[in-house]
Every structure is written in C-alpha cells, then in structure tokens.
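Reader: I am new to reading protein models. Could you take me through one, step by step?

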Amino acid sequence: MALPVEEWRLCAARRWAALEPALRERLAVASLHDTLRLGCGLLRPEAEAAALRRLCRRAPTGKEPAAARFYREEGNRLFGRRQYGAAVRLYSQAASHELPGSPEVSVCFANRSAALFHLGCFEVCLEDIARAESHGYPDRLLPKVLLRKAECLLCLGRLQDAANALSAVENKIAMDGIMTSPAHQTLLKKLSQLKTKIHEKESCPQPAREACGDIQRKSEIWEENDSISGASSSLSLNFDIERGRHLVAIQDIHPGQNLLKEEAFVSVLCPGESVLLQDSGETAWDTRVTNADLYCHRCLRQLLASVPCRGCSYAKYCSQNCANVAWEQYHRTECSLGALLLTLGVFCHVALRTVLLAGFAEVSRLVEGSHDNDKDLHNSEARCEHPSEAPDTRTGTRGIPGCNDNGQYQSSYQAVFNLLPHAEKHSPEHKFLCMLSVVAICKQLQEAGLEAAVLNRESSEKCSKPEICEKTSDELSPELKIMAEAMLRHVLQLQCNAQAITVMQESGSGGGAVVNKKPVRLATAFFPVLSLLNHSCCPNISVSFSGTAATVRASQPIPSGQEIFHCYGPHRCRMRVAERQQLLSQYFFECRCQACLDELESDVKSVVSMRNSFLCPSCRASMQVGEDVLCCSNEACAISVSRESLSRRLQDLQQQIKKALELLKDRKADQAIKMLLKCQMDAGNFLSPKHLLMGEMEDHLAQVYATLGKWQEAARHLKRSIEIVEVHHGPSSVEIGHELFKLAQILFNGFAVSEALSTIQRAEKILSVHCGPQSTQIQELQEMKTCLLELPRSILQRT
C-alpha cells in the first residue's frame, strides 16, 4: 500500500477538520518548511499518537518464539507430506521469528536444508547447512546434517569435498563412541552407501560437464552519455517551460536499442497480495506468503532460502552480505520501526530510506539551499519581476535543476531532491496527512534513541541496540526537523515520480510444464534519470527490471529530434481517452500526447471502444456508445439497453470466470472447462468477438487443457487468444511476446517441433526488443530451441 492504512487517513482527516480555520488556511498555502514549522506540534500524544500505536499492533514485526514453534511444526508436517516447497517457506518464517544465534534457529536452517535437498537445490542446501553449523546446531544431530552435506557435494560432482565431509562424519561418530540404536545403524548404512558411490565415481570419471549457460548471451552495444549518468550517448537533456526537463534523441534510434541503464537510488519492497501456503484452519499465526517472503528486501532478488534480520521478523535477505549492507545503510534505523512503516505505507518508507541513504550532511545542504531559493523567489516577486523557471541557455545543462556544477545530471540524491514535489497542487488535506505521518516517524526515531544514528553521529556498533531515552520531548530537534522536511518533500514527489519495479510472476501453471506469468508490482523506487521521461499514452520505449536496476529500450524507431516518451500507466490500447485523462490527473497535467489529440479531435471512436464494445442482446449487432443508454446500431432493431445493466452482466461473467479458475486450482479441471465454455457462450451473446475478455477466456481454456496434457487443444485456444491480443496491442507488443512465449511452451511439450521453432523465433524477436537478450524468457526460449534442434534428424523431418 503506497499511502497509510485507511484508519490513519481518517484519523488525520478528523484532526484536519478540527483545526482552527485560520490555521488550516495558513497550512494550505505554506511552503514545506512552514508546513513542518506550523504542524510539528499537531500530533497529540493522547490522540493521534495513541491511535497509531493501536494500529501498529495489527502489524507486529518483532521476534515471536511461539510463532517460530508453530511455523517449524507446520513445516515438519508438510515435509512429511512431501510438500517440500511449502515446507521451505514455513521453515523460513520460523527462522525469521527465532533469536539470532540460538540453537532453535540452527534447527530451522537444518530442516530447511533437508527440504531444499529434496527439491534438488544442492548449492542452497549447502548454504543452509553452513548456517546451521555456524548458529550452534546440536552436536548430537550433526552427523545426519554432515551426511546430507556429503550427498549434496556428491550430486554436484565435488568428489574430494564429499569425501572430506564423510571423513568428518566418521571422526564425529568415533568421538561419540559405539551406539547401537536403529537411528545410529541407519546413519552407518548411509555412510557406507555414500562412500561406495564416491569410489564408483572416482573409478569411472564422468565426462567434463559443460558450464551452465552454454547458450551465448548477446552483448549489448553501449556508449554512455557524458552528461547523463546511465544514459545512451544518443540522447540529450533538454529543458523548456512547457515540458520541463526531458530527453530527446540526437540520432536515429532503432527498436531494441538501449537508451538507459539505471540503478534505483532507493527502493522499498511492496508487500503485495498474500498467497495461502496451506490451510491450517483457525490459528493465531498467518501462513500466507507475500512479496516480503519471496524477494530480498535489499536487492529484490527472488528468495529460495532467506536470511532473516537479526532484530525483526519482517526483513529477509538473499544472503548474509545483503543483510549486512542493508543494516549498515538503513535497516539498523528502520528495524524497530517496522510496524509503524507498514502502517504508514510504502511512500513514507521510501521517504525515510531516501534520507538515510543520502546522509544528514547532504540532506541538510540541499534543504538549506531550497530555503535560499524560496527567499530569492519571494524577493523577485516582491520587486514585480517575473521569476523564470528556464535555465540560462548559455550554460547548457548547467542551469537545469538537478544538474551538478559541471552540468552533469547524475543518479544522485541531488537529482532526487530536485524532482518536483508539486506542493502547491496537492490538496491541503493530503499534505496534512503526509506531514502528520512524517512527524510521527521522526518522533518515534527521537523517542527510540535513534536520532544519533539518523544523523550519522555514531558508529553502527554503538547503534546496533537502540536504547530508549529516559527523557523525551514533544518538540523535534532542529536536525530532525530538517530530515522531516526532506521526507515530506519526498512523499509528495512520489505521487508523480515514483517508479513501480515490476516482475513477471507465476500466476498458475499447466501441470508444471507451462508457466503462466503476469506482471506484478514488486517495489516502489526513485530513478532520477528515468523520471526525466515525459508521458505519452503511446510511448516509444519499454522499461524492464532486473532486481533494482531499470533498463530502457526503444520499442519502435525513434528519429533524431523526437522526444523519448514513457507511459505512466493508462496505455491507449487499454483505456479510452476520457478514462485516461481522468487517471492522469493525479500527475497534475492534462495529457496532450498525439494519441489523446487524435481521439479528442476526431469523430472516430477510440480503438478500445470499438474492440471492447457490447453487442445487441437481440440481433447481436454492435451497440452505439452512449453515456447511460446504449442503442443498437441496426436500424431495423433499434433496441436500447442501459449501460448499467450490461456492465452488471459483464461483472457477473467475470465472477463466473473467477469461480472456474478456483476449480482449476482445486484440481477440478473438467468442471473448470465446462464452466469456461458456458462463460464463452454467454459472453458471445453480448460482447464483441474481439473483446479482451473473450481472449482471456481462450487463455484460461488453454491453461486448463495444458494442465491435462492436451497440448493440441491448449494450442488451439491460445492461438485464438493471441489473435485477440494482437488486435488490441499490435503484432510487435510485449503482450504478444508473452503470449507467444506461452504458446512456445505448449508446442514444445506437445512435440510440435517445426511450429514450436517458428513460434520461438517470433517470440525471441519481440521479447528481445522489449526485455533484452539477457532476459529470463529469452534464455528459456533459447534452451527450448537448443533442445529441439538436438533431436535426431529423422524426428525433425517427421514433425
């Protein structure tokens, strides 16, 4: 959730309404500095602060040994049922609630290593075994874990390391003395078996294994811009009053060409939707997983075996190194504020992390400089001078906001600070909510004794265990007021400058052979250079992400002199112009892109209106668009129907489709097919044949048939879906690329070799433009192609 929880928003709204009218008027027009000065004391301890504490109790992030026991026992239960993937997640949740260095956390790592071994994740299994040993795994249980280590090493072909691990087991058994229990005998038997396997492999050396990634990754040609960090030399930074800062091509650019590679200045993981691991009935502990359990909280890498934070149960990392770096940079301050940050939303969290990463010295320098700019602006207005926003053209880019003294625009805190907050355009109520939230965070920092850490005045060792101050003050210190002002600026900036980091996440599968993926918002970030791109409802670039890095590629030919356009959300293919304009109002501009102008200035219906139109329930001719009532276009019929009734019918249909997908999830494929076919028949009576929902139903049917292994049926339905997607998004769109990727999987599994190869070729061509040759999907397509081309010639000729 970007903004605070609803209850806090309502609480802030009540506080705003209770203010004296004169104070509300002053706050409405106040600068950021004056907003903090006037509002800093408005967070009352007995009212708003108390309400926040109550809300925070709903999002506990501390260590809970009772929760750890529950998750470990549930993990053991699922491990016994051979549900190893779910067991891994539960053991990870157990480890996040255990105290660091305790024997209990070592057991969590050891148990998780067993589940990882059964999943064939041998390298990660070895890492967990090392974690278990380093956290004091019980000595009496060590031989079993060491045998697992030897078996992992054996599977990885590391014979000498495996032999050394077995020697360690033998020494351990010898030290413990003779034991005759059944478990001990099983241990000895396993030891003997592994020694035999190692001897056999040493006697019959295996041919050298080819290194992973034998498919050559294409190197992307790249020449970086001298003035704009991470940008291609084919771009220039321009400025004018109407468009502000923007990027323009200074040479012809080809589709797929790299234009920008930028690491996020700051990013914060969004919790996302929760998925139930398993139904454990009514329990005190939640067994659902979210993005917070699936991705590293620092680098956003997908997690298999997470490393928990030493102080809270919320933050999880892909490695101890990531955990250590996060702790040093910001998490030692954030750790005890977890519940508060979850309550106040991702935007507040991003604002706090931004100032922590920048450091107090840099924050203070830029905040003080902004006060000087405000004074200069006020003085020029007082002298009746017109304050120009345009930079001095004689200095090139040097006068453009965000550029350094050398005229370079870097992905730096200075660039982040100079992104427009639009303070005068936000509603007074929204500014007040943001101010109150920022003040709440800073007061919590002060009360928890974390102020020195925020201001970089103590070493990380001294700040590793926050101490509660004996005396607290209702008034923020001058330094924290500076930090609060910068945070308020960043929260307001995020409405127009936040970038959603997205990933393609699995949303279902066809029996494990065909993976259906959809784009999911993973994190919210500041990309100062990417933020230079203006909006168009028909952009000329595509943005892809790898961890916290964004890559911008041209999605179509861009001639020299043309501006580089990004789409902020509502694309012309997905939404009518009126709806797009309404959504884009949140960015405080009226879109005048070519796509909007074409629709607004012509009598031709929008592409979306025509393709997603309703049909007449009587004669099935298209219905003419109207506000409240739709009329049949067939003059002989002339039936009119209220838009509300057709919209209700559409909602009912979507609910039925949702039920069909639930049946598929419950492994009731035959029932799911019957329901989807019925939905198709109902939809045909009132929806256009090219309506996007018709394509979605074909896609769902393909998914069900793939689950049953009926590859030809699955391919037939998916091809129909692709036809509809192509009509809406175009033959070279990223949407078509994703659909072709699914079709390639189905044809590959159905052994339709020649058709699979041609589909792979087409999918590669499209996805390499939008996602780059190193994307995961491109690599998977190349692996499928290599496998197919290695088939015997006789089989290739038959297919």
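What follows is a set of short questions and answers on this structure.

Reader: What kind of model is this, and how many helices and strands does the protein have?
Author: The model is predicted. Its secondary structure mixes helices and strands. The totals come to 32 helices and 17 strands.

Reader: How much of the protein is buried?
Author: The protein has 799 residues. A residue counts as buried when its relative accessible area is under 20%. By that cut-off, the buried share is 50%.

Reader: What surface does the protein expose, and what share of it do carbon and sulfur atoms supply?
Author: The exposed surface is about 39,400 Å². Carbon and sulfur atoms supply part of that surface. Their share is 50%.

Reader: Among contacts between residues at least 6 apart in sequence, what share joins residues at least 24 apart?
Author: Start from the contacts in the protein between residues at least 6 apart in sequence. Then keep those that join residues at least 24 apart. That leaves 64%.

Reader: How do the axes of α1 and α4 run relative to each other?
Author: Helix α1 spans residues 6–18, and helix α4 spans residues 45–56. Their axes come within 10 Å and cross at roughly 175°. Angles over 145 degrees count as roughly antiparallel. Therefore the two helices are roughly antiparallel.

Reader: Which residues meet where α1 touches α4, and how do they divide by type?
Author: From α1 come Glu 7, Trp 8, Cys 11 and Arg 15. From α4 come Glu 48, Ala 51, Leu 52 and Leu 55. They divide into 5 nonpolar, no polar and 3 charged.

Reader: Which strands stand at the edges of the sheet β3-β13-β12?
Author: This open sheet has 3 strands, in the order β3-β13-β12, with antiparallel pairing. An edge strand has a single partner, so one side of it is left without a neighbour in the sheet. The edges are β3 (258–263) and β12.

Reader: By what angle are neighbouring strands of the sheet β3-β13-β12 turned against each other on average?
Author: The order of the strands is β3-β13-β12. Direction is ignored for this average. The turn between neighbours is 15°.

Reader: How many bridges pair β12 with β13, and which residue is the partner of Val 543?
Author: Strand β12 covers residues 541–546, and β13 covers residues 549–554. They pair in the antiparallel sense over 6 bridges. Ser 542 has Arg 553 as its bridge partner. For Val 543, the partner in β13 is Val 552.

Reader: Which residue in the turn between β12 and β13 has a positive phi?
Author: The two strands form a hairpin with 2 residues between them. One residue in the turn has a positive phi of about 65°. This residue is Gly 547.

Reader: Which helix lies across β12 and β13?
Author: The helix covers residues 753–771. Its direction makes about 120° with β13. The helix is α30.

Reader: Where does α25 pack?
Author: Look at the open sheet of 3 strands in the order β15-β16-β17. Its edge strands are β15 (623–624) and β17 (640–642). Helix α25 (residues 643–665) packs on this sheet, at about 65° to β17. The strands that α25 touches are β16 and β17.

Reader: Which residue of β17 stands opposite Val 629?
Author: Strand β16 covers residues 629–632. β16 and β17 pair in the antiparallel sense over 3 bridges. Opposite Val 629 stands Ser 642.

Reader: Is Arg 82 buried or exposed?
Author: Arg 82 sits in the loop between α5 (65–80) and α6 (84–97). Its phi is positive, about 65°, although Arg 82 is not a glycine. Its relative accessible area is 67%, and the cut-off for exposed is over 50%. So Arg 82 is exposed.

Reader: Is Leu 300 buried or exposed?
Author: Leu 300 lies in the loop between α12 (291–294) and β7 (307–308). Leu 300 is not a glycine, yet its phi is positive, about 70°. Its relative accessibility is 4%. Therefore Leu 300 counts as buried.

Conventions
Residues are numbered from 1 along each chain as its sequence is written. This is a predicted model: local features need pLDDT of at least 70, side-chain atom pairs count only at pLDDT 80 or more; totals for chains, interfaces and linings use all residues. Side-chain values use heavy atoms; hydrogens and water are left out. Two strands pair if DSSP finds at least two bridges between them. Helices (H or I, at least four residues) and strands (E, at least two) are DSSP runs, numbered from the N terminus. Contact means heavy atoms within 4.5 Å. Axes are lines fitted to C-alpha atoms, for helices over the stretch in contact, and angles run from 0 to 180 degrees between N-to-C directions. Angles under 35 degrees count as roughly parallel, over 145 as roughly antiparallel, 65 to 115 as roughly perpendicular and the rest as oblique. Ala, Val, Leu, Ile, Met, Phe, Trp, Tyr, Cys and Pro count as nonpolar, Asp, Glu, Lys and Arg as charged, and the others, Gly among them, as polar. Buried means under 20% relative accessible area, exposed over 50%, partly exposed in between (1.4 Å probe, protein chains only). Accessible areas come from the Shrake-Rupley method with a 1.4 Å probe; for residues, only the protein chains shown count as cover.
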